[in-house]
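Here is a short tour of a protein model, told through its sheet and a few of its helices. Have the structure open as you read, and follow along.

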Amino acid sequence: MNNAENKYWPCILVEHDDRFSIILSEFHLLDDYFGDKGCGGYSVERLARKLVKKHRIENIQFDSEAGMFCAYSKEQNALLQLCSLFAEIAGNQNDYEKDNKPLLISLDEAEKLLIKGFVMDLDEISQDKFYQNVPCPALNKKQKEYLESIQSEDAKTRILALRKINAEARTLTRKWDNYLSHPHTIELLLAAAEKETDSKVYEELTATLYFICIRHLPDLRIKPYFLKCLKHKTTQVRFWGLNGLSSLYFPSIKDFEFLINDKSEKVRNEAQGLIVQMQKQSRNNWEFPCWMFNRKNYVI
């Protein structure tokens, strides 16, 4: 179901034998309400309870969890009222519509090229084949606006755009039809990082690249950037850089062990924890999250 057909947007309606329920996991759609704090299933539920009380919507119950908001009722119209209130926060759903071009090869073949070309190796032949056969997913109006804004001359505009991209990165996981899961988007962010001189923007860039790596695409081309972050003057940049490095395929302990003597306790603890983790693993048993890639397509 696309957005144009879904009158319950930004939620999805689920029909049960004796009731209806709505679910929402794309929390970034409510970012205009939660702002920089971000949100999860429970925080969306708190918002929903306020809206239900304020607008006197009856007969709605909740069953949310950290990764998903859920409300249910025997009265479909009550859920529709709540979704309409969410939609007022999310904005025009047409701004989120997109029309993706189809892959020219099978998903399995595309994933093998992706892993060999960008994730577990930087094989240029595989990279070229991937780009030739896997078009970058279409951008909706909001996503296009954010990517254009990271090139703005105004630092505050760049920060806001990165926070919006990061919010989407944090609340979704890798999908073929999402621009955060395609190497082209990584290239745009790395190009922005190359010329960034503002420390606050640099911090937002680092956090954004980390969440893209951990939830969408652990692209090895980001490794030099994360290594550079490890020596940055800003504690939070070093912290995100270290976390980002840990999300990539089998980082070397030698690259970050100096951080066990960092002036920041947070960074020291993170470095020590990562060393322990790496000592328990090897290149041959490296694992990505089960939902990110098919294990049989790993290229060792």
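## Thr185 and its contacts

Two residues are in contact when they have heavy atoms within 4.5 Å of each other. Please keep in mind that this is a predicted model.

With that in hand, let us start at Thr185, which is found in helix H8. Is Thr185 buried or exposed? Its relative accessible area is 2%, and because buried means under 20%, Thr185 counts as buried. Setting aside neighbours within four places in sequence, the residues in contact with Thr185 are Cys136, Leu147, Tyr179 and Leu180.

## Helix H6 and its two faces

One of those contacts, Leu147, leads us to helix H6, which spans residues 141-149. Which residues of H6 are buried? They are Gln143, Tyr146, Leu147 and Ser149. These four lie on the same side of H6, because they cover an arc of only 160° around the axis. As a general point, an α-helix has 3.6 residues a turn, so residues three or four places apart point the same way.

What do the buried residues of H6 pack against? Their partners are helix H7 (155-171) and helix H8 (183-194). Turn to the face of H6 that points away from its buried side, and you will find the exposed residues Lys141 and Glu148. The start of H6 is worth a look too: there, a side-chain oxygen of Asn140 comes to within 3.0 Å of the backbone nitrogen of Lys142.

## The four-stranded sheet

Now for the sheet. It is an open one of 4 strands, with antiparallel pairing and the order E1-E2-E4-E3. Strand E1 (12-15) and strand E3 (61-62) are the edge strands, each pairing on one side only.

E1 is joined to E2 by a hairpin through 4 residues. The antiparallel pairing of E1 with strand E2 (residues 20-24) runs over 4 bridges. Ile12, for example, has Ile23 in E2 as its bridge partner.

## A helix across the sheet

Which helix lies across the strands? That is helix H3 (residues 76-90), which lies across E1, E2, E3 and strand E4 (69-73). Relative to E4, H3 runs at about 145°.

Notes: Residues numbered from 1 in each chain as written. Predicted model: local features only at pLDDT ≥ 70, side-chain atom pairs only at ≥ 80, totals over all residues. Heavy atoms only, no water. Buried < 20%, exposed > 50% of the residue type's maximum accessible area, 1.4 Å probe, protein only. Helix = DSSP H or I, 4+ residues; strand = E, 2+ residues; numbered from the N terminus. Arc of directions from axis to C-beta. Polar contact = N/O pair within 3.5 Å; in protein donor to acceptor, adjacent residues only side chain to side chain. Pairing = 2+ DSSP bridges. Axes fitted to C-alpha atoms, helices over the stretch in contact; angles between N-to-C directions.
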